[in-house]
Amino acid sequence: MRKIKVLCPKASQWAIANDFIIYPVTKDNINYNIIVEKGVKKVMIEKTYDKKSIHEGIADVYNKLYKKHNTK
């Protein structure tokens with residue numbers, strides 16, 4: 001059985017409080033990319049995901065942002 005990554009509540013609360021917007025985009029409804037926005041800056045994550053793995057990719061982005069900005 002595959003272990004599913006869960007979105008960390010601290011990471012998502014931190015991202016929302018710091019004005020990060022993270023969401024999936026698709027052109028063909030098969031392959032998905034993740035967009036990260038903060039203010040007028042917008043970055044697309046190059047890695048592509050499918051319908052079954054996009055939620056894990058979004059959780060990874062939230063966790064990476066949180067760890068990057070909250071490590072001492």
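Reading from the N terminus on, the elements of this protein run α-β-β-β-α, and I should say at the outset that what we are looking at is a predicted model. In total there are 2 helices and 3 strands, and the C-alpha trace spans about 35 × 35 × 15 Å along its principal axes. Of the 72 residues in the protein, 31% are buried, and if we take the contacts with a separation of 6 or more, 38% of them are between residues 24 or more positions apart.

Let me begin with the sheet. The 3 strands form an open sheet in the order E1-E2-E3, and the pairing is antiparallel. Strand E1, residues 20-26, and strand E3, residues 41-49, stand at the edges, and because each of them has a single partner strand, one side of each is left without a neighbour in the sheet. On average, and ignoring direction, neighbouring strands of this sheet are turned by 25 degrees against each other.

If we now go through the pairings one at a time, E1 and E2 are paired in the antiparallel sense over 7 bridges, and one of the residue pairs here is threonine 26 with its bridge partner in E2, tyrosine 32. On its other pairing, strand E2, residues 32-38, is joined to E3 by 6 bridges, and these two strands also run antiparallel. Along that pairing, valine 36 has valine 43 in E3 as its bridge partner, while tyrosine 32, which we have just met opposite threonine 26, stands opposite tyrosine 49 in E3.

The turns between the strands deserve a moment as well. E1 and E2 form a hairpin with 5 residues between them, and in that turn asparagine 29 has a positive phi of about 65 degrees. Most residues other than glycine have a negative phi, and asparagine 29 has its positive value although it is not a glycine. With a relative accessible area of 43%, asparagine 29 is partly exposed. The hairpin of E2 and E3 has 2 residues between the strands, and there glycine 39 takes a positive phi near 65 degrees.

There is another residue to mention under this heading, and that is aspartate 19, which is placed in the loop between H1 and E1. Aspartate 19 is not a glycine either, and yet it has a positive phi of about 65 degrees. Its relative accessible area is 53%, so aspartate 19 is exposed.

Next, I would like to look at two charged side chains in the sheet. Is glutamate 37, with its 17% relative accessibility, buried or exposed? Glutamate 37 lies in strand E2, and at that value it counts as buried, because the cut-off for buried is under 20%. The side chain of glutamate 37 is joined to that of tyrosine 23 by a polar contact of 2.5 Å. Leaving aside neighbours within four places in sequence, glutamate 37 is in contact with Asp19, Phe20, Ile21, Tyr23 and Lys42, so to speak of Asp19 is to come back to the loop residue between H1 and E1.

Lysine 42, which is also on that list, is found in strand E3, and with a relative accessible area of 56% it is exposed. Not counting residues up to four places away in sequence, lysine 42 touches Tyr23, Ile35, Val36 and Glu37. Lysine 42 and proline 9 are 33 residues apart in sequence, and from C-alpha to C-alpha they are 23 Å apart in space.

Finally, we come to the helices. Helix H1, residues 9-17, and helix H2, residues 54-69, pack at an angle of about 75 degrees, with their axes 9 Å apart. The two helices are therefore roughly perpendicular to each other. Which residues meet between H1 and H2? From H1 they are Lys10, Ala11, Ser12, Trp14 and Ala15, and from H2 they are Tyr62, Asn63, Leu65, Tyr66 and His69. Sorted by class, this contact of H1 with H2 has 6 nonpolar, 3 polar and 1 charged residues.

To draw this together, we have an open sheet of 3 strands in the order E1-E2-E3, and two helices, H1 and H2, that pack at about 75 degrees.

Note on methods. Residues numbered from 1 in each chain as written. Predicted model: local features only at pLDDT ≥ 70, side-chain atom pairs only at ≥ 80, totals over all residues. Heavy atoms only, no water. Pairing = 2+ DSSP bridges. Helix = DSSP H or I, 4+ residues; strand = E, 2+ residues; numbered from the N terminus. Axes fitted to C-alpha atoms, helices over the stretch in contact; angles between N-to-C directions. Parallel < 35°, antiparallel > 145°, perpendicular 65-115°, else oblique. Contact = heavy atoms within 4.5 Å. Nonpolar A, V, L, I, M, F, W, Y, C, P; charged D, E, K, R; others polar. Buried < 20%, exposed > 50% of the residue type's maximum accessible area, 1.4 Å probe, protein only. Polar contact = N/O pair within 3.5 Å; in protein donor to acceptor, adjacent residues only side chain to side chain.
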